[in-house]
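Biologist: I've got a fold here that I'd like to walk through with you. Can you take my questions one at a time and show your reasoning?

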Amino acid sequence: MNPIQGQRSEPGDIFSIPAEAELSWQRVSKLELIFWLVFYGLFLLHALTNKTGFLIIDNVNLIVHESGHLLFGWFGSTLGLWGGTLMELLVPLLLVLYFGLTRQTSGAAFAAFFLFENLLYISVYMADARAQDLPLVTVGDPEAGGHDWFQIFSSLGLLQHDTAIAGAVKFVGWVGMLASIAWLVHRARTGDE
């Protein structure tokens, strides 16, 4: 039975949980684990050695961010302002939930890793709130745009704490990425236990 819908899932229905997924997490072979560890290791090395604060994956994050302004902008200017960051977190979070519900181990770890990687990207933008040195990208009217985190922190009375908040967000991002990898290793070692 599908625990969410109370019925067996139908083949081809991407929003239902396959019956076999209800019992255990998908196994991760040694070869698959080695692949993922090399991938994550190289990505972490890239993140550690990058001096710009803009990683390869952040090209995708930027598109997701800007789409969030457009989508959430329909619900008012405040949600439109927060929408970029909300969308950056919502997209990988929904993927984590989907892969978790369907018990796809590698997919859940990958989505969680990039959920937390988004915090690195967000922290760079936060830390720039007062300085506003970053080149900004906007959709629509460039005159209506502005620095999201300058506006957010200013409205909350936190502008003078931009770099401290950014540092905490970055720390959570690193811990989360490492925890995602540790969880994948744990699932690979324990299998169905």
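Biologist: How many salt bridges does the count come to?

Modeller: Keep in mind that this is a predicted model. The rule wants a side-chain nitrogen of Lys or Arg within 4 Å of a carboxyl oxygen of Asp or Glu. By that rule, the count comes to one salt bridge.

Biologist: Which side chains meet in a salt bridge, and what is the N to O distance?

Modeller: The general idea is that side chains of opposite charge can pair when their charged atoms come close. Here the partners are R130 and D162, with N to O at 2.5 Å.

Biologist: How many residues apart in sequence are the parts that the pair ties together?

Modeller: R130 sits in the loop between α4 and α5, while D162 belongs to helix α6, residues 162-190. The pair therefore ties together parts whose separation in sequence is 32 residues.

Biologist: Is D162 buried or exposed?

Modeller: Start with its partner: R130 has 44% relative accessibility, so R130 counts as partly exposed. For D162 the relative accessible area is 1%, and the cut-off for buried is under 20%. So D162 is buried.

Biologist: How do α4 and α5 pack, in terms of angle and orientation?

Modeller: Two packed helices are described by the angle between their axes and the distance between the axes. For helix α4 (residues 105-127) and helix α5 (residues 148-156), the axes are 8 Å apart and the angle is about 70°. Angles of 65 to 115 degrees count as roughly perpendicular. That makes α4, relative to α5, roughly perpendicular.

Biologist: How many charged residues are in the contact of α4 with α5?

Modeller: On the α4 side you have I122, Y125 and M126, and they meet D148, W149 and F153 of α5. Sorted by class, the contact has five nonpolar residues, no polar ones, and for charged the number is one.

Biologist: Where do the buried residues of α5 fall, seen down the axis?

Modeller: The buried residues in α5 are D148, W149, I152 and F153. They pack against α2 (58-73), α3 (77-101), α4 and α6. Their directions fall within an arc of 110°, so they line one face of the helix.

Biologist: Which residue with a positive phi follows α5?

Modeller: Look just past the end of α5 for a phi near 70°. The residue there is G157.

Biologist: Are α1 and α6 roughly parallel or antiparallel to each other?

Modeller: Helix α1 (residues 30-49) packs on α6 at an angle of about 170°, with the axes 11 Å apart. Over 145 degrees counts as roughly antiparallel. So α1 and α6 are roughly antiparallel.

Biologist: How many nonpolar residues does the contact of α1 with α6 have?

Modeller: From α1, the residues are L33, W36, L37, Y40, L44, A47 and L48, and they meet W174, M177, L178, I181, L184, V185 and A188 in α6. The contact has no polar and no charged residues, and the nonpolar number is 14.

Biologist: What separates the C-alpha atoms of G107 and V96?

Modeller: G107 is found in helix α4, and it is buried, with a relative accessible area of 15%. Along the chain, G107 and V96 are 11 residues apart, and their C-alpha atoms are separated by 7.5 Å.

Biologist: What pattern does the protein follow, read along the sequence?

Modeller: There are six helices and zero strands. Read along the sequence, that gives α-α-α-α-α-α.

Definitions and conventions
Residues are numbered from 1 along each chain as its sequence is written. This is a predicted model: local features need pLDDT of at least 70, side-chain atom pairs count only at pLDDT 80 or more; totals for chains, interfaces and linings use all residues. Side-chain values use heavy atoms; hydrogens and water are left out. Axes are lines fitted to C-alpha atoms, for helices over the stretch in contact, and angles run from 0 to 180 degrees between N-to-C directions. Helices (H or I, at least four residues) and strands (E, at least two) are DSSP runs, numbered from the N terminus. Angles under 35 degrees count as roughly parallel, over 145 as roughly antiparallel, 65 to 115 as roughly perpendicular and the rest as oblique. Contact means heavy atoms within 4.5 Å. Ala, Val, Leu, Ile, Met, Phe, Trp, Tyr, Cys and Pro count as nonpolar, Asp, Glu, Lys and Arg as charged, and the others, Gly among them, as polar. Buried means under 20% relative accessible area, exposed over 50%, partly exposed in between (1.4 Å probe, protein chains only). The arc is that of the directions from the helix axis to the C-beta atoms.
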